[in-house]
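Hi everyone, thanks for making time this morning. I'd like to walk you through a structure that is new to most of you, so please have a look at the screen.

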Amino acid sequence: MRLLEFGGFQEPIYQACMTRTKVYGVWRAMQDRCYNKTQVGYRYYGAKGITVCERWKGESGFANFLADMGMPPPKHSIERKNGKLSYCPENCKWATDVEQNRNRSNTVYLEFEGKTYPLTELAELYGVCSKLLRQRVFRYGWDVKSALHIPPDFNNRLTKLQGVNMADREKQH
């Protein structure tokens, strides 16, 4: 029997009993993504140099992982805060699908009022459709402020705004 300090008290953890839990499955899948070349996800992790810290590997690896990360909240999975770095306590957290989708290698970021936001998050904050925001900024060359604040003109369609000087357009509204 192994004792693990968890939440300020000691609780016996039987690793054999934990193998059927969600947290054990997360730990095992993390190891497989990084080290098992036959796993589908290996090409996105292990093949790119993503590893698991020594503390989370080996005989006591799972117990250490559980001590560092705790049990995942409902509907959360493990996320690396910086997708270019490996799995370790400093770079991992439990995150929802929405949080993880904003931390992908293909996430588009926009600068607005001195801060950097994922495009989808910025659209959500300002109540704008993310597809509309993406088109305005990248297809039609609008500045981010105009793209967020000018309401869509469904009668005129977006294509008619192509090439319009946005400063002149703002003066009209």
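Which elements each supply at least two residues of the lining of the largest pocket? They are helix H2, residues 22-35, strand S3, residues 77-80, and helix H4, residues 97-101. I should say right away that this is a predicted model. Of the contributors, S3 gives the most to that lining, with four residues.

Let's stay with the pocket for a moment. It holds about 740 Å³ of space, and 21 residues line it. If you want to find its centre on your screen, look for Tyr45, Arg80, Asn103, Arg104 and Ser105, which lie nearest to it. And how does the lining split by class? Evenly, as it turns out: seven residues are nonpolar, seven are polar and seven are charged.

Now, on to the inside of the protein. The largest nonpolar core has 20 residues. Those with the most contacts inside this core are Met30, Trp56, Phe62, Phe65, Ile78 and Tyr87. Helices H2 and H3 and strand S4, residues 92-95, each supply at least two residues of the core. H2 provides the largest share, six residues. So you meet H2 twice today: in the lining of the pocket and in this core.

There is also a second, separate core, this one with 16 residues, including Leu119, Tyr140, Ala147 and Ile150.

Let me turn to H3, which runs through residues 61-69. Why do I call this helix largely enclosed by the rest of the structure? Because seven of its nine residues are buried. For those following along, they are Gly61, Phe62, Ala63, Asn64, Phe65, Leu66 and Met69. Just after H3 comes Gly70, which has a positive phi, near 75°.

Phe65 is a nice one to click on. Setting aside residues up to four places away in sequence, Phe65 touches Val23, Val26, Trp27, Met30, Trp56, Gly70, Ile78 and Trp94.

One last residue, back in helix H2: Gln31. Is Gln31 buried or exposed? Gln31 counts as buried, because its relative accessibility is 8% and the cut-off for buried is under 20%. Beyond its neighbours within four places in sequence, Gln31 is in contact with Asn36, Val52, Trp56 and Lys57. You may recognise Trp56 from earlier: it is among the residues with the most contacts inside the largest nonpolar core, and Phe65 touches it too.

That's my tour, and I'm happy to take questions.

Conventions: Residues numbered from 1 in each chain as written. Predicted model: local features only at pLDDT ≥ 70, side-chain atom pairs only at ≥ 80, totals over all residues. Heavy atoms only, no water. 1 Å grid on protein atoms, 1.4 Å probe; cavity = no way out; pocket = protein on both sides within 12 Å on 5 of 7 lines; lining within 4 Å. Points joined across faces, edges and corners; volume = space filled by probe spheres on them. Nonpolar A, V, L, I, M, F, W, Y, C, P; charged D, E, K, R; others polar. Buried < 20%, exposed > 50% of the residue type's maximum accessible area, 1.4 Å probe, protein only. Contact = heavy atoms within 4.5 Å. Core = buried A, V, L, I, M, F, W, Y, C linked by side-chain atoms within 4.5 Å.
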